[in-house]
Amino acid sequence: MENQQSSLLQSFGQPQKAVIWFGNPYMPWHDSQVPGGKWGQELTISIDGSCTSRSLVFNDYQRRPIAGQPTEHFQIAPAKAASFLKRILVLLNYFGSRSDGSNPSSTLSTTIWSGDGDSWTFNDYPTDEPAINQLAMEIRDCLSRADLMALDGNGREDFIEEFVVDYEEDDGYQEQLVLTRVPNAVTYRRQFADGPIVTTTFQWPESELPLLDRLNPVDFTATIPGIPANAADDNGQLGHFNCLIKRRILPAIRFNGDYERYCLPAPWADLMHTVDELLDIPTTGALLNSNYYTRRRRCLDEVIYIGVKFFEDGREYNYLTDDDTIRPGDSVLVPVGEGDSEQELMVTSKHYYKRSEVPYPLDKVKRVIKKVDKEEKQ
């Protein structure tokens with residue numbers, strides 16, 4: 001691809017200006033001169049480092065500046081602008097398709113001018129391409145404007161500078177997870193009661209997109225389900241967490257609760273899974289363990305099904321239980337076969353179901369005899 005880039009830049013020359021258009025077809029904007037108008041944004045980057053952003057109203061036939069919304073002006077280092085312009089040209093030439101730029105109804109286009117006054121317009125480039133996402137976030141960061149649509153339309157209300165999670169269990173065991181923008185790093189700390197502190201750190205190269213840029217604070221504040229009114233008591237089985245999201249301009253966000261799905265935002269599982277894979281350490285604690293962040297307390301109108309396997313690669317069999325302290329990884333005694341002989345097996349899954357939604361009829365499912373305590377096994 002390097003040869004293609006060199007050839008492209010030799011034939012086109014150093015790009016002098018790029019006009020990046022992104023129209024939002026889901027955001028109506030009333031304008032008497034633009035029937036059925038929608039809101040859009042045009043970002044211009046010039047070789048001398050001057051940049052502008054303006055809001056436009058558009059439909060299938062035209063684009064017009066929005067009255068009363070002045071053009072915003074920014075200034076960045078000319079060397080940075082030149083770098084952005086080159087990367088925009090190379091990426092869109094590789095991922096997008098060129099057009100004659102005559103279609104105002106397009107919701108996505110970027111036009112780039114050469115030193116000779118020639119221009120190339122690109123449409124239909126993938127907004128979910130990681131390389132385009134990274135460049136878009138770098139442009140936003142450089143202009144210190146997280147809300148710009150830029151190349152991928154993934155504007156947000158602010159940048160996250162630091163993401164901190166503190167976790168604690170009733171016996172004094174503690175963990176902490178810290179994600180930082182500068183340096184672009186993850187720090188994971190575990191502290192055992194009256195024991196050692198174990199710290200693991202992962203740091204990305206400067207060329208990598210910060211993990212924090214993949215997160216949107218809105219996803220964390222607006223997607224916490226909340227504990228239902230008929231939820232059972234957790235009986236001290238759940239740990240507790242506090243989360244702090246520090247932002248560049250807006251006030252910090254704080255939320256906390258028991259470490260379960262009812263108190264955790266929707267993106268939590270994906271984030272913890274990503275961090276776990278990045279750190280790639282043999283043993284992790286509750287924060288990064290899916291058996292902890294995917295569980296939830298039982299509601300009073302639900303029954304408990306636990307799954308076990310008789311062979312490691314075999315099918316899973318379900319049993320009923322009233323013991324809500326049983327978790328995946330625990331050992332249980334279950335009745336097996338026509339004679340209901342007792343067999344000790346490890347729990348592989350745990351699910352709550354309303355009686356009207358159970359996967360197997362209640363009268364056809366055998367019950368767990370008991371949970372095997374660790375002391376009994378020794």
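Me: Which strand order does the open sheet of five strands have?

Reply: The order is β16-β15-β18-β17-β19, and the pairing is antiparallel. Strands (E, at least two residues) are DSSP runs, numbered from the N terminus. Two strands count as paired if DSSP finds at least two bridges between them. This is a predicted model, in which local features need pLDDT of at least 70. Residues are numbered from 1 along each chain as its sequence is written.

Me: Which are the edge strands?

Reply: They are β16 (316-321) and β19 (370-372), each of which pairs on one side only. From one strand to the next, the twist averages 50°; axes here are lines fitted to C-alpha atoms, and angles run from 0 to 180 degrees between N-to-C directions.

Me: What holds neighbouring strands of a sheet together?

Reply: Strands pair through backbone hydrogen bonds, either parallel or antiparallel. In this model, β15 (residues 302-309) runs antiparallel to β16, with six bridges joining them. Ile304 has Thr321 in β16 as its bridge partner.

Me: Let's try another region. How many bridges pair β2 with β3?

Reply: Eight, in the antiparallel sense, between β2 (residues 38-46) and β3 (residues 50-58). Gln41 is partnered by Ser55 in β3. The hairpin of β2 and β3 has three residues between the strands, and Gly49 takes a positive phi near 95° there.

Me: Which residue stands opposite Cys51?

Reply: Phe74 in β5 does. β3 pairs with β5 (residues 72-75) over four bridges, again antiparallel. Strand β4 (residues 63-65) also runs antiparallel to β3, joined by three bridges, and Val57 has Arg64 of β4 as its partner. Four residues lie between β3 and β4 in their hairpin.

Notes. Predicted model: local features only at pLDDT ≥ 70, side-chain atom pairs only at ≥ 80, totals over all residues. Heavy atoms only, no water.
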